[in-house]
Amino acid sequence: MTICEDPFAILGVSPEASPADVKRAYRRLAMHWHPDRNTAALAEAQFKRVNAAYELFLDPQRLAEWRQAQAASEASEASEASERRQRESKASASKARASKGEGSRSGAGKVAGKESAQSEPSAGEDLTQALTLTLEEAALGCRKTIALVQGVGCASCRSSGRVQYRNSVPCKQCSGCGRLSQGGGETSVCAGCGGRGFLRETACPDCSGSGWLQQARTLSVTVPAGLLAGERLRLAGQAPLPAASGGGGSDAGQAGDLYLEIKLAAHPLFVLHGRDVHCQVPVSAYRLLCGGRIEVPSLGGTTTLKLSPDPQQPLEYRLPGQGWPAKGRHKAGDLLLQLQRIQPQSVSAPDVELLERLEQRLAGDLARRAPELAVWEAAMRARRKLAGA
């Protein structure tokens, strides 16, 4: 141990410790670092440092000389710090005078406004988060629960990021010896404890030294009806507060706004074009021939569509006002239904019999009920006569 090393730090005792406390600390460390008991590479060097520190305590004259040297060193450091503070104070005063001169030239009103703005609490940043909705939720409105993550001050360290110990604890990086092996028999001072081997404070384990923690919270939001993709829903004052300048957690400033940007999920039945809702509806070919009412989907559930028995009826229907709901100057869209004619994939014997009878009934009035077939039958009869001639 050199004369400049701190024997109190090496033995892990305070400067006001009694001789009995110093002796107990020495015995504990000597037993721990004795080369016959400890096989670590640095055990012998650390054992010598502990012995040297204890010998200094046993020699009142040497201990007094060490205290005088420490006091002189601390006084020198305090003098240098005082001079540095004076220089910084002069520089700050000079900048303040220059700033005041610029403010007086630019007008008193502007300066007053600037001071007022500085006195106001800092405002947090706005946050934008995506909110995905189904077409029904966006069209009809709904209530959603939003998951958010916000920063809160760590209670374990009071947002300081550091944990103070009543008694010093061994440094985990160097196992309390104050030095680290560099290979080849060389060592270096441990950066974790500055070579002392013991610590009186460490980074808070709960917040990893940041001073703040991530905390989840939920927010219940009422989504109004008629929002489209890309529109944003503003929630005033619901964004996380700005982080405190001196550590983690949140300051007393005003929270920013939370914007929920609407996204629409793909739908198995509907496709949205503008404010019109499109839907493809499969319909049996027999139902298209017979006509009648069929059930079709809508944004609110289902509705009915009346089909005419006309075989030439259109396959696209428009239901006005049953598309996307009206909002502001925009009127409600329409529901467009595209009917898909579905033919049976197989026909049973009873079905064939019924179709044969239907075709016979159709042949009796073919010219009126199926003019294309009547023309075709006439052409076939002409070819038969030509072949018989």
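Which side chain makes a polar contact with the side chain of R49? Keep that in mind as you open the model, which is a predicted one.

**Stop 1: R49 and helix α3**

Select R49, which you will find in helix α3. Show its side chain together with that of Q46: the two make a polar contact at 2.8 Å, so Q46 is the partner we were looking for. Now switch on a surface if you like. R49 counts as buried, because its relative accessibility is 9% and the cut-off for buried is under 20%.

**Stop 2: a pair of tyrosines**

Stay with helix α3, which covers residues 43-58, and pick out Y54; then add Y26 from helix α2, residues 19-33. Turn the view until you see both rings. Their centres are 4.1 Å apart and their planes are at 5°, so this pair is stacked. There is one aromatic pair by the rule used here. Because Y26 lies in α2 and Y54 in α3, the pair ties together parts that are 28 residues apart in sequence. Are these two tyrosines buried or exposed? Y26 is buried, with a relative accessible area of 18%, and Y54 is buried too, at 14%.

**Stop 3: strand β9 and its neighbours**

Next, select strand β9, residues 258-264, and strand β1, residues 127-133. These two pair in the parallel sense over seven bridges. To see the register, click on Q129, which stands opposite L260 in β9. Then add strand β8, residues 232-235: four bridges join β8 to β9, and here the strands run antiparallel. In this pairing L235 stands opposite L258 in β9.

While you are here, show the side chains of R232 and Y259. R232 lies over the face of Y259, at 4.3 Å from the ring centre.

**Stop 4: the largest nonpolar core**

Keep L260 selected and add L305, L307, L337 and L339. Of the 34 residues in the largest nonpolar core, these five leucines touch the most other members. Strand β11, residues 276-284, gives the most to this core, with four residues.

Which residues does L307 touch, leaving aside those up to four places away in sequence? Centre on L307 and look for V283, R287, L288, G291, G292, I294, Q313, Y317 and L339.

**Stop 5: another core**

Finally, move away to another core, which lies apart from the largest one and has 27 residues. Its members include F8, C171 and C190, along with Y54, the tyrosine you saw stacked with Y26.

Note on methods:
Residues numbered from 1 in each chain as written. Predicted model: local features only at pLDDT ≥ 70, side-chain atom pairs only at ≥ 80, totals over all residues. Heavy atoms only, no water. Core = buried A, V, L, I, M, F, W, Y, C linked by side-chain atoms within 4.5 Å. Buried < 20%, exposed > 50% of the residue type's maximum accessible area, 1.4 Å probe, protein only. Contact = heavy atoms within 4.5 Å. Phe/Tyr/Trp six-rings, centres within 6.5 Å; stacked < 30°, edge-to-face > 60°. Lys NZ or Arg CZ within 6 Å of the ring centre and 35° of its normal. Polar contact = N/O pair within 3.5 Å; in protein donor to acceptor, adjacent residues only side chain to side chain. Pairing = 2+ DSSP bridges.
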